[in-house]
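Here are some exercises to work through with the model open beside you. Try each task before you read its solution.

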Amino acid sequence: MTDLPEYVQINRTHWDDNAHEWVAGGERAWATDVPTWGMWQILDADLGLLPTDMTGMRAIELGCGTGYISAWLAKRGASVVAIDNSAKQLEAANRLNEQYQLDIEFIHGIAEEVDYPDESFDYAVSEYGASLWSDPYVWIPEAHRLLKAGSELVFLSSTTLSAICSPLDGSLPTTETLQRPYFGVHKFDWRDAIDDPGGIEFHLTTSDWVHLFNDTGFEILDFFELQAPHDGDEVNYFATATWSRKFPSEEVWRLRKR
C-alpha cells in the first residue's frame, strides 16, 4: 500500500491534531492492572476478553493510541507489537513504554498493511482503533493473515445503531430516532460535524459483519452489546448514559481464525 488511502490521511491528521486530549486518560490506564473496556469502562473480568496468562504469546494491537491495552497484554506476559496511524499518539505510548519498561514495539503505520509475516501472532486486539477508523474489508483480512490458526481477534467499537441514530449535522447526543438508512452503511464522514468534528469512521450491518468474518475465515466465538452501568443525562463521547441503558452504544466481537 504505497499511497495511503484518503481516509487514512484524513484520520492521521485528525488524531495527530487531537492526540493531546488522550494523554491523561492513557496515563491512568497504563497505571492500572485492572483492565476495562470502552466508554463505560466495563471490567474485563465481566467480559473475559484478555487471557489471564499470556506468557509465551505474541500479541498485536491494531490501532493502539496511547498503548494502554498493549501495556495490559505485556503485564500478562505477552510479547507485544502495537501499530497506530498517529505519530503524535505514539509519542505518549513510547514515553509510557519507557517509563514502565515493558519493551512493547510501537510502529507508526496502518492496520490495513502490517510489515510482519503471515501467522506471526497468537492474539490480536483493537479497541476504537482499526475497529472504527480502518476499512473492515481491508483490516479484517489483514488481521486474519497475521494470526496463527486457532488464534483470537477481539475488537470493540461503537455500534452501527448509534451511528445511524446520530443527527445528520453531527450534533450531540445520539437520538432515539433513526436518522439515516441501516442497509448499505459503510463509511461515515464526521469532519463537518457541528459538535466534536472527527474523521472517517466505518460501520457495517450485523449481517455484513458475519458474512465478512465467514468469507475471511473467522469463527465467531462471542458477541457483546454493551450497556451503560447507570442512567444519566451526561453525554459520554456521543451518547448519554440513559440512551446507552436502552440501546447498545458499543459492541465487541470475539473471533477465532479457522
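**Exercise 1. Work out the strand order of the open sheet of seven strands, and find which strands stand at the edges.**

Step 1: Walk across the sheet, and the order reads E5-E4-E3-E6-E7-E13-E10, with mixed pairing. Strands (E, at least two residues) and helices (H or I, at least four) are DSSP runs numbered from the N terminus, and two strands pair if DSSP finds at least two bridges between them.

Step 2: Look at the ends. E5 (105-108) and E10 (218-226) each have a single partner strand, so one side of each has no neighbour in the sheet.

Step 3: Check the twist. On average, neighbouring strands are turned by 15° against each other, direction ignored.

A word on the source: this is a predicted model, where local features need pLDDT of at least 70 and side-chain atom pairs count only at pLDDT 80 or more, while totals for chains, interfaces and linings use all residues. Residues are numbered from 1 along each chain as its sequence is written, and side-chain values use heavy atoms, with hydrogens and water left out.

**Exercise 2. Describe how E13 is joined to E7 and to E10.**

Step 1: Start with E7 (residues 147-158). Seven bridges join E7 to E13 (residues 250-257), and the two run antiparallel. Ser 158 stands opposite Glu 250 in E13.

Step 2: Now take E10. Eight bridges join E10 to E13, again running antiparallel, and Ile 220 has Leu 255 of E13 as its bridge partner.

Step 3: Ask how covered E13 is. Six of its eight residues are buried, meaning under 20% relative accessible area (exposed is over 50%, partly exposed in between; 1.4 Å probe, protein chains only).

**Exercise 3. Find what H9 packs on, then describe its crossing with H7.**

Step 1: H9 (residues 206-216) packs on the sheet, touching E7, E10 and E13, and its direction makes about 15° with that of E13. Contact means heavy atoms within 4.5 Å.

Step 2: The axes of H7 (residues 136-146) and H9 come within 10 Å and cross at roughly 40°. Axes are lines fitted to C-alpha atoms, for helices over the stretch in contact, and angles run from 0 to 180 degrees between N-to-C directions.

Step 3: List the contact. H7 brings Pro 136, Tyr 137, Ile 140, Pro 141 and His 144, and H9 brings Asp 208, Trp 209, Leu 212, Phe 213 and Thr 216.

**Exercise 4. Say how H2 and H5 lie against each other.**

Step 1: H2 (residues 23-31) and H5 (residues 87-100) pack at an angle of about 30°, with axes 11 Å apart. That makes H2 roughly parallel to H5, a label for angles under 35 degrees (over 145 is roughly antiparallel, 65 to 115 roughly perpendicular, the rest oblique).

Step 2: Pick out the contact residues. Among them are Val 23 and Trp 30 of H2, and Leu 96 and Tyr 100 of H5.

**Exercise 5. Place Pro 173 and name what it touches.**

Step 1: Pro 173 sits in the loop between H8 (160-164) and E8 (187-189). At 30% relative accessibility, Pro 173 counts as partly exposed.

Step 2: Leaving out residues up to four places away in sequence, Pro 173 touches Pro 167, Val 235, Phe 238, Ala 239 and Thr 240.

Step 3: Pro 173 and Phe 238 are 65 residues apart along the chain, and their C-alpha atoms are separated by 5.3 Å.
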